[in-house]
Amino acid sequence: MTARFLQLPEPASGLYCNRAWGFQFQYAAFVFLNSSFLFHLQACGMSDFKLDVVLGQDFPEPGFRPEKGRTISGAEKINAAVYKIFSVNFAGRRASSDGFFRGNGADSESLGLPNGGDGKREHGSGKKYGPLISGTAYCISSCGMIMLNKIALSTYNFNAGISLMFYQNLVSCLVVAVLSLSGVVSVEKLNWKLVRVWIPVNVIFVGMLVSGMYSLKYINIAMVTILKNVTNIITAIGELYIFRKHQNQKVWTAMFLMIISAISGGITDLSFDSMGYTWQIMNCILTACYSLTLRKVMDTAKQLTRSGSLNEISMVLLNNLLSLPFGIILILLFDEWEYIITTDVIKLPMFWVVATASGLLGLAISFTSLWFLHQTGPTTYSLVGSLNKIPLSFAGLVLFKVPLSLPNLFSILFGLFAGIFFARAKMS
């Protein structure tokens with residue numbers, strides 16, 4: 001990420017011409033693995049934000065070649081320089097991706113990943129149906145995670161969001177540990193120096209999850225989807241002052257539309273809950289802080305690992321493992337343990353099925369997101385994430401029988417449009 005803010009030398013044009021597709025996949029994988037928003041933001045209903053804050057560049061199409069005699073633009077020069085920087089680590093990331101899927105007998109070729117330096121993908125049914133299957137799996141796990149969390153918190157009226165977070169994170173840690181021991185995934189070995197650097201990020205992460213749980217309990221899914229667009233605005237402002245990153249006019253226009261939709265949605269919300277909206281505002285601030293803090297800490301964290309990198313699965317394990325002691329402290333501090341002991345909800349087998357399934361789906365988002373990104377690209381991935389909010393919002397309105405007025409419906413539709421417009425603007 002820091003490469004965007006450096007003055008980089010122009011590489012030889014042949015490097016850029018011959019390996020443009022290799023660069024596209026490498027940079028997409030770099031953006032994805034270092035964003036680390038996958039299942040965590042899904043848990044709070046923030047699926048569209050995973051890559052919106054980091055995908056601001058267009059990528060060359062496969063087989064791209066500059067025309068003879070044409071001067072390469074400044075953006076292309078920057079892309080070539082970024083490729084030169086990260087190409088050193090490409091082989092290691094490729095091997096890591098192959099190891100990620102080898103538990104199912106799959107490798108990068110069978111999944112349609114770039115194969116060697118020629119930038120060719122596999123032909124046949126894998127290429128034809130791979131994006132459709134991976135995209136469907138990503139959307140199902142994304143929507144299912146949020147819906148099950150809403151069922152656990154609202155339908156079962158479970159009033160211990162911190163405890164639910166603790167249980168889901170514990171499930172994720174156990175699953176990742178089992179997959180690591182069985183050799184299905186590769187996990188970086190943790191050390192005290194890495195943990196000490198990561199603690200500030202994890203504190204914000206826990207606050208983000210807790211606030212997301214409580215906002216989802218008191219607010220309907222459609223309004224949570226619209227209100228969380230405010231996160232993009234706070235992040236853009238933070239990027240401007242911290243990283244000196246400027247957005248184009250289309251992005252600021254999209255964010256202005258998001259503000260209008262959030263305000264109009266809150267005013268016309270028939271099930272308005274001040275407590276829920278307070279939690280959601282806190283969640284937006286904490287999510288933006290998590291994004292900005294993660295960027296500053298990531299480079300230091302990588303230097304403290306043996307391999308010099310920190311993949312997505314390692315970050316999932318690190319975040320969830322460190323959140324467990326913080327979760328215990330918060331459970332004791334807010335006296336949730338008394339509620340857990342006395343409530344009858346935990347005696348219902350179906351509640352445990354819902355809570356466990358939501359945790360497993362949250363972890364599945366990490367796998368399906370990586371798979372979908374490998375099959376398509378950052379542009380398609382980001383756009384599908386935005387479009388995925390539409391069926392999710394309407395499913396939430398119908399299944400939970402949310403009281404709805406025509407102005408509120410218009411505000412929700414307007415907010416969904418603003419989210420899609422924002423994703424498109426980030427690609428331009």
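**Notebook: aromatic contacts**

I began with Phe421, which counts as partly exposed at 26% relative accessibility. I note at the outset that the model is predicted.

I next looked up the ring partner of Phe421. The ring centres of Phe417 and Phe421 are 6.2 Å apart with planes at 10°, so I entered the pair as stacked; planes under 30 degrees apart meet that term. I placed both residues in helix H19 (residues 406-427), where they are 4 residues apart, about one turn of the helix. Phe417 is likewise entered as partly exposed, its relative accessibility being 47%.

I then recorded the count of aromatic pairs, which is 11. One of them joins Phe158 and Phe351, and I entered this pair as tilted, with 4.8 Å from centre to centre and 45° between the planes. Where in the chain do Phe158 and Phe351 lie? I found Phe158 in the loop between helix H7 (125-155) and helix H8 (161-181), and Phe351 in helix H16 (residues 349-375). The pair thus links distant parts of the chain, with the two positions 193 residues apart.

I checked whether these two residues are buried or exposed. Phe158 has a relative accessible area of 3% and is buried. Phe351 is also buried, at 2% relative accessibility.

I followed the contacts outward to a cluster. Phe158 and Phe351 belong to one aromatic cluster together with Tyr156, Tyr167, Tyr339 and Trp352.

My last entry concerns a charge and a ring. I found the charged end of Lys217 over the ring of Tyr218, at 5.9 Å from the ring centre.

Definitions and conventions
Residues are numbered from 1 along each chain as its sequence is written. This is a predicted model: local features need pLDDT of at least 70, side-chain atom pairs count only at pLDDT 80 or more; totals for chains, interfaces and linings use all residues. Side-chain values use heavy atoms; hydrogens and water are left out. Rings of Phe, Tyr and Trp (its six-membered ring) pair if their centres lie within 6.5 Å; planes under 30 degrees apart count as stacked, over 60 as edge-to-face and the rest as tilted. Buried means under 20% relative accessible area, exposed over 50%, partly exposed in between (1.4 Å probe, protein chains only). A charge sits over a ring if NZ of Lys or CZ of Arg is within 6 Å of the ring centre and within 35 degrees of the ring normal.
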